[in-house]
Amino acid sequence: MLVLAASILLAHVAHAAPAAPAAMIESANPFFKASPLPLFMPQFDQIRDAHYAPAFAEGMKRQLAEVALIANNAKPATFDNTIVALERSGQLLNRVQATFSNMSGANTNDALEEIERELSPQLAAHGDAITLNAKLYQRIKSLYDKRDKLGLNSEAKRLLERYNTDFVRAGANLSAADKDKLKAYNGELAALATTFSQNVLKEANAQSLVVDTRAELDGMTPAAIETAAAAAKARGLDGKFLIALTNTTGQAPLAVLSNRAVRLRLMEASLTRGSHGGEFDNRAAVIKLAKLRAERAVLLGYPNYAAYALEDQTAKSTLAVNALLADLAKPAVANARLEAADLQAMVDAEKGGFQVGAADWSFYTDKLRAARFNFDENQLKPYFELNSVLNNGVFFAATKLYGITFKERKDLPVYNPDVRVFDVIDANGKPLALFIADFYARSNKRGGAWMNEYVSQSKLLGTHSVVANHLNIPKPAAGEPTLLTFDEVTTMFHEFGHALHGMFSDVTYPRFSGTNVPSDFVEYPSQVNEMWAVWPEVLQNYGKHYQTGAAMPKELLDKVMGTKKFNQGFMTTEYLAASLVDQRWHQLTPAQVPSDVLAFEAGALKEAGVDFAPVPPRYRTTYFSHSFSGGYSAAYYAYLWSEKLDAESVNWFKENGGLMRKNGDWFRQKLLSRGGSDDALQLFRNFRGRDAKVDALLERRGLAGK
């Protein structure tokens, strides 16, 4: 498959030692040949840090040679000798890039970070060497211009159209001088995004909250306090306690810490990441990224970066995204203010003597939930033991819906002892995929949760999916069970929805495999999978007390369901605030990029009407990895956009009998298996029978009629 970002030889490696014979290098490097493991799973036990750079170098060399043969072919362009040949190119590069890109997020170290810094601009340069190859594009365009006369099937025709679009959007029609400008932009942007990402991880570790006494952690469970003590000891802080930060503004301990001074310190540490000076300050990187992205967009013929990015999404335009966010902002903030008033009443009744702020929201929300519904989150955790949630919940629902089964493999190598591997067997008894589960937080693992593929499905290449899910669940002390919050349970179901999208892919061309769909569509199948977390048959199967095995009482389940709209003002507002910040940064022209990051963010929130201090954005600019170093720049709205489709789909499942094999098979056939091989919204229509309406989303979030 054509890779639009890859690396050339890393300079520090090229000069590190005398060159070894090529045959010796190849035989010693596990990337140089396809893995002998099932479904070509990476040989984690064989891979060393030193293997990456030579594999990238050789992968680059091979792909450029393959592309040169295609571009310089004396024979007229055909679909097979040009488009299919490009899809087959770069297989070594794909192998090393798929593994490296995930290890740099899930299991990084100083050596990988150094490679990543050097690699990122070179990846961009390699992509430019392909997409800005004039001879190559002329062959693609010659086929595109007569696409209706080539007798292609629908997937092949879409692939040709997609290649033409990709190359045009990458600058294929620019003049030679402008192509040089574009190459410079791409290299600098890649380096800056890597700097931003690495600063976020390092700052999260550096800003971890350290407290002196056990009493200051009142409200946390004994097991959580022991974990904090062990974390402090690991950093040479014997006798102290360390609370690590996760990469969201809100921090889980805020819901239970009774000491307000500690809550304030924890929230302050979270909010000021990347913006208080020091070596991990991200403000300069943000300004440079915003300006360079805007300049690059103008060079390509767009008014701003958001206009460029959204053209390739299902939303299509900034007008559509702005309208969605504006329509929801006013009712969401109104709900949040009502919620804040309820919380303030509790504080006043306790004679707390303070105004509810961001550090207090989770703590008093839990107290209000307990008072209003006679229920708090801690009642749930004993029923949410990790293995039960995974096997009796996530896997159970997938088996009921799709007929697939799972078997854990202890014989396959992993990169960390906590990582687990499962065979996924299709309903017909044939191997479907490998599923890799990496659930625990680590100091060398980026925050959040995500899915990635080490191998993507393709009939052309004869491959099946090797897919991984990553969460950041705090690991308990040795011998203690891993008890999840309800949010962590939902996240596990969500990420497995992405995994299903990858595993069920049934396309010919790698370009369309699995989750290779628009960003504002990719979250939709994963959000749908969340519904099974609270489906009675599923919840009753996994929601059992970890000590007694007793099922979760029906009255507790009823309380869970009864609180689904509780705190939605907060949840919608914090998400909208981050989405609006993302859009405002990327809808700037080059001349409009400010010099003061925090002032611009504050102004953007105020202008949008979401400047409500007790509910800060889910991510502030300086640690907003989705926007400035991930795949969601100008696209963080995608979760809400996808949720409109999700809410409709949940209703469809309910209307058609819910957790039934026929429903899963229909969803798989019409949507999950198709990847990006058709227009995304057409895939939804094929499944649902019509376009999506917003009513179900508004009802879900408690915004209907407001």
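Which residues have the most contacts inside the largest nonpolar core? This is a predicted model. To find the answer, select Phe384, Met492, Phe493, Phe496 and Trp532, which have the most contacts inside that core of 146 residues. Now add helix α17, residues 386-402: the largest share of the core, ten residues, comes from this helix. A second, separate core has 30 residues, including Met41, Phe100, Tyr415 and Ile436. As background, nonpolar side chains tend to be buried together in soluble globular proteins.

Return to phenylalanine 496 and display what surrounds it. Leaving out residues up to four places away in sequence, Phe496 touches Val394, Phe395, Ala398, Phe406, Phe435, Asn469, Met503 and Asn529.

One of these partners, Asn529, leads to the next stop. Select helix α19, residues 519-529. Eleven of its eleven residues are buried, and Asn529 is among them. The buried set also includes charged-letter and polar names such as Asp520, Glu523 and Gln527, along with Phe521, Val522 and Tyr524. To see what covers the helix, show α18 (486-503), α25 (638-655), α26 (661-670) and α27 (680-688), against which the buried residues of α19 pack.

The last stop is asparagine 107, in the loop between α5 (91-106) and α6 (110-131). Is Asn107 buried or exposed? Its relative accessibility is 18%, so asparagine 107 counts as buried; the cut-off for buried is under 20%. Show its side chain together with that of asparagine 444: the two make a polar contact at 3.3 Å. Asn444 is also in the list of residues that Asn107 touches, which includes Leu112, Tyr415, Asn416 and Arg442. Tyr415 belongs to the second core as well.

Notes: Residues numbered from 1 in each chain as written. Predicted model: local features only at pLDDT ≥ 70, side-chain atom pairs only at ≥ 80, totals over all residues. Heavy atoms only, no water. Buried < 20%, exposed > 50% of the residue type's maximum accessible area, 1.4 Å probe, protein only. Helix = DSSP H or I, 4+ residues; strand = E, 2+ residues; numbered from the N terminus. Contact = heavy atoms within 4.5 Å. Polar contact = N/O pair within 3.5 Å; in protein donor to acceptor, adjacent residues only side chain to side chain. Core = buried A, V, L, I, M, F, W, Y, C linked by side-chain atoms within 4.5 Å.
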